[in-house]
Amino acid sequence: MRKRLAQIFGFLVSTTGWIFVACTMAMDHWKVAEIGGKGGSNIISIAWYWSNLWKDCFIDSTAVVNCRDFAVLWGVEKYIQGVRGLVMIGLSLGFFGAILAFLGMECTFIGGNDKTKDKVLFIAAVFHFVGGLSNCAGYCLYINQIATDTFNPTVTGLQFIPGTPIFLGLVGAFLIMGGAILYAVSILKDIFPKSSTYVYSAMSYVHPKSRNRTIHGKYSNGSRRSRESEGSKISTISKGSVSRTNIGVTSDRDAFV
């Protein structure tokens, strides 16, 4: 029962994490910067500049949005290409991991016997964990680029801060890895059982040489006893035949006399 509950909870947690990660791919405001709003005039004008994995946008105080889509793939900055690749790799691994987890869970009736299902679920846990690490690495790479541009004194311009999708994606990545750990914990004892240990007492141990000697000694004693018993039987029979012979000889002599 505990095994089944752990697997169901792990499936729900990991699936929620993958939904979070998938949503961040289409969300805006991966990084946000404010322009204006710090003046002493009576009219305060402010605007926002934000960016995601696919475009850069500018919103002024009148809510007019102007966006510029990124050019072809090789025209995008390298760190954005890296983040795209890592997140897409994680989503691909998560897709196959979710299918394998569904086949390997104990509450489903497909996937083979229990031993096969446990192995399939363990592979799904590996897929989930590696995919979660890939997603986490992508988000951390994006945060690292923001921090580098912010604290670099040679870079002048807008000061960006991480947006909502970054934090949502990190939460999703940790949920995915947590679900993978639940999968692994539920089947760890079945896949890697503990080896049984045998305890031998000091009184029951007999050296091989002495054990052989004892066995042979028993056989030799037994054969010696059997030979002695056979010899005693033979001597008894011989004595009986001799006595009968003596009786016959005496009776014949007495009859002659």
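The exercises below, each with a worked solution, concern a predicted model of a protein.

**Exercise 1. The overall plan**

Determine how many helices and strands the protein has, and in what order the elements run from the N terminus.

Solution. Begin by counting the elements, which gives five helices and five strands for the secondary structure of the protein. Next, follow the chain from the N terminus, and the elements appear in the order α-β-β-β-β-α-α-β-α-α. Then turn to burial, where 26% of the 257 residues of the protein count as buried. Finally, consider the contacts between residues at least 6 apart in sequence, of which 64% join residues at least 24 apart.

**Exercise 2. The span and the buried residues of two helices**

Compare the reach of helix α1 with the value expected at 1.5 Å a residue, do the corresponding check for α2, and find which residues of each helix are buried.

Solution. Step one concerns helix α1, which takes in residues 2–26 and has 25 residues. The distance from its first C-alpha to its last is 37 Å, and this is close to the expected 36 Å. Step two concerns α2, whose 27 residues should span 39 Å at 1.5 Å a residue, and because its end C-alpha atoms are 39 Å apart, the two values agree.

Step three is to list the buried residues. In α1 these are K3, Q7, G10, V13, S14, G17, W18, V21, T24 and M25, and in α2 the buried residues include Y79, I80, V83, R84 and V87, together with G90, G94, G97, A101 and G104. A general point helps in reading such lists: an α-helix has 3.6 residues a turn, so residues three or four places apart point the same way.

Step four asks what covers the buried residues of α1, and the cover includes α2 (78–104), α3 (114–151) and α4 (164–191).

**Exercise 3. One residue of α1 and one of α4**

Decide whether Q7 is buried or exposed, and do likewise for T164.

Solution. Take Q7 to begin with, a residue that lies in helix α1. Its relative accessible area is 1%, and because buried means under 20%, Q7 is buried. Leaving aside residues up to four places away in sequence, Q7 touches M105, E106, L121, Y183, S186 and I187.

Now take T164, whose place is in helix α4. Its relative accessibility is 55%, and because exposed means over 50%, T164 counts as exposed. T164 and D28 are 136 residues apart in sequence, while their C-alpha atoms are 8.5 Å apart in space.

**Exercise 4. How the helices pack**

Work out how α1 and α4, α2 and α3, and α3 and α4 are oriented relative to each other.

Solution. Two packed helices are described by the angle between their axes and the distance between the axes. The cut-off needed here is that angles over 145 degrees count as roughly antiparallel.

- For α1 and α4, the axes are 7 Å apart and the angle is about 155 degrees. These two helices are therefore roughly antiparallel to each other, and their crossing is left-handed.
- For α2 and α3, the axes come within 7 Å and cross at roughly 160 degrees. That makes α2 roughly antiparallel to α3, with a left-handed crossing.
- For α3 and α4, the axes come within 8 Å and cross at roughly 155 degrees. It follows that α3 and α4 are roughly antiparallel to each other, and the crossing of α3 and α4 is left-handed.

**Exercise 5. The cysteines**

Find which residues the disulfide joins, and explain why C136 and C140 have no bond between their sulfur atoms.

Solution. A disulfide is a covalent bond between the sulfur atoms of two cysteines. A search of the whole structure finds one disulfide, and this disulfide joins C57 to C67, with an S to S distance of 2.0 Å. The pair links distant parts of the chain, since C57 belongs to strand β3 (residues 55–59) and C67 to strand β4 (residues 65–69), ten residues apart. The torsion about the S-S bond is about 110 degrees, so the disulfide is right-handed. As for exposure, C57 is buried, with a relative accessible area of 1%, whereas C67 is partly exposed at 41%.

The next step is to examine C136, whose sulfur is 4.0 Å from the closest cysteine sulfur, in C140, which is too far for a bond, because a disulfide needs the sulfur atoms within 2.5 Å. C136 counts as buried at 13% relative accessibility, while C140 counts as partly exposed at 40%.

How values were computed. Residues numbered from 1 in each chain as written. Predicted model: local features only at pLDDT ≥ 70, side-chain atom pairs only at ≥ 80, totals over all residues. Heavy atoms only, no water. Helix = DSSP H or I, 4+ residues; strand = E, 2+ residues; numbered from the N terminus. Expected span 1.5 Å × (residues − 1). Buried < 20%, exposed > 50% of the residue type's maximum accessible area, 1.4 Å probe, protein only. Contact = heavy atoms within 4.5 Å. Axes fitted to C-alpha atoms, helices over the stretch in contact; angles between N-to-C directions. Parallel < 35°, antiparallel > 145°, perpendicular 65-115°, else oblique. Left-handed = near helix turned anticlockwise from the far one by under 90°.
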